[in-house]
Amino acid sequence: MTEPPEASAAAAQPAPGDPTGSAGAAVAPPSPGGSARSGAAVPRSVTARATAAGVIVSLLLIVAIVLGSRFLENFDSALLPYAVATVFLAFGVAYRYTVWVSAPGARRLFKKGWGSLFSVENFRKAPTALPKMIATYLGFQKFLGARSHARWAAHQLIFWGCILASLITFPLTWGWFTFTSGTGSGPGYEMRIWGFKIIGFDSLDILGWLMFHGLDIAAVLVIPGASYFLWRRMKDRGAITGQRFGYDLVPLIALIVISVTGLLLTFSSIFLHGGGYEFLAILHMVSVVFTLIYIPFGKFFHIVQRPAAVGMQLFKYTGRQDQEVFNCRRCEEPIDTAPYVENLRGTMRDLSLDFDEWAEYCPRCKRVLRGSAYLSQVKKGFK
């Protein structure tokens, strides 16, 4: 095989990030024991800071529950396990988030993302960009449609089902809003938030039915979405290859169990006159509590991370608006916005990856330069 002209020209130049001018050294990965892997274990200072953040957020939630329920006057003791699980959830989310943003790459994502979200200058340049990205990237996740329309639809079912369930379950669990009847048996009810009347409705009309069956609607949305992803992970070779039971399958199984047991509770109360209700209630409670505690330490944690990613998209969008596009140093094709490329280089320097200049090349040119290094430094040693 002969060496292409562009590869030989590239081999004659020092590879980016190589102080010695050796192309082979530039593409060599960092040693396993090097500083690039020194952050694998969480430092004690980070653990202490994350624990403190978790404790503070948990205490704030407890105070909010006490005050929002009017000093537990509106708190339903039957929902105590759910409330305790949400306190553990708050601790876990704060702990994991603090550990996450302590890593160099995530810290830059956090600063740039949230900085872009709350930037007055960005709002002045593109006032409609933020609401549009929240709707398309965070709400409707249009980026998933490019991969598969079926995956997008299933993800939307899970997303909106979980949003609806959370908006109902958390305030009810905390005693923040209640449904009360003036007669004690209906059909007229009042929905109160923090003890203040918001709306009155008849339990026998369509609004009343929606009020009392909101969780059933959420379950109907979640079951087909979660079932699709579970089926895909059983059939798709690409998904099977990299999946892990605890990380990829348990969340889907938990969502299905929660939804099915919730629907069975309604079925039992309407058609079975409460038969088996106690067992189903315990099973439903166990599955919900387990899932809430699992969220910060499993795949569901990406829900908490996603808003920072929206900020990063806004960061890239405003760079394009300012025509700050960075072109490949070799072929002059546009790579990304200049601030984004510089942010990537900064992250690589923070991680002690001494080849950050490779970020200034497009993927094709990286492959060409690596191939040139192989031809000039490795293959020539073979007879």
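This is a short chat about a predicted model, moving from its nonpolar cores to a few single residues.

Me: Before we start, what kind of model is this?
Reply: It is a predicted model, in which local features need pLDDT of at least 70 and side-chain atom pairs count only at pLDDT 80 or more, while totals for chains, interfaces and linings use all residues. Residues are numbered from 1 along each chain as its sequence is written, and side-chain values use heavy atoms, with hydrogens and water left out.

Me: Ok, which residues touch the most other members in the largest nonpolar core?
Reply: They are A226, L255 and L292, in a core of 21 residues. A nonpolar core here is a set of buried Ala, Val, Leu, Ile, Met, Phe, Trp, Tyr and Cys residues joined through side-chain atoms within 4.5 Å, and buried means under 20% relative accessible area, with exposed over 50% and partly exposed in between (1.4 Å probe, protein chains only).

Me: And which elements give two or more residues to this core?
Reply: Those are α4 (80-102), α9 (149-174), α11 (214-235), α13 and α14 (277-294), and the largest share, 6 residues, comes from α13. Helices (H or I, at least four residues) and strands (E, at least two) are DSSP runs, numbered from the N terminus.

Me: What does L292 touch, beyond residues up to four places away in sequence?
Reply: L292 touches Y82, A85, T86, L89 and F170, where contact means heavy atoms within 4.5 Å. Apart from the largest core lies another one of 8 residues, among them A126, A129, M133 and V310.

Me: Back to α13, then: is T266 buried or exposed?
Reply: T266, which is found in helix α13 (residues 245-271), is buried, because its relative accessible area is 18%. Leaving aside neighbours within four places in sequence, T266 is in contact with H213 and D216.

Me: What about I253, which residues is that one in contact with?
Reply: I253 is also found in helix α13, and, again without neighbours within four places in sequence, I253 is in contact with L230 and F245. The C-alpha atoms of I253 and L230 are separated by 7.8 Å, although the two residues are 23 residues apart along the chain. I253 counts as partly exposed because its relative accessible area is 36%.

Me: New topic: where does Q141 lie?
Reply: Q141 lies in the loop between α7 (129-139) and α8 (142-145), and Q141 has a positive phi of about 45° although it is not a glycine. With a relative accessible area of 4%, Q141 is buried.

Me: And what is phi of W194?
Reply: Phi of W194 is near 55°, a positive value in a residue other than glycine. W194 sits in the loop between β2 (188-193) and β3 (196-202), and W194 is partly exposed, with a relative accessible area of 45%.
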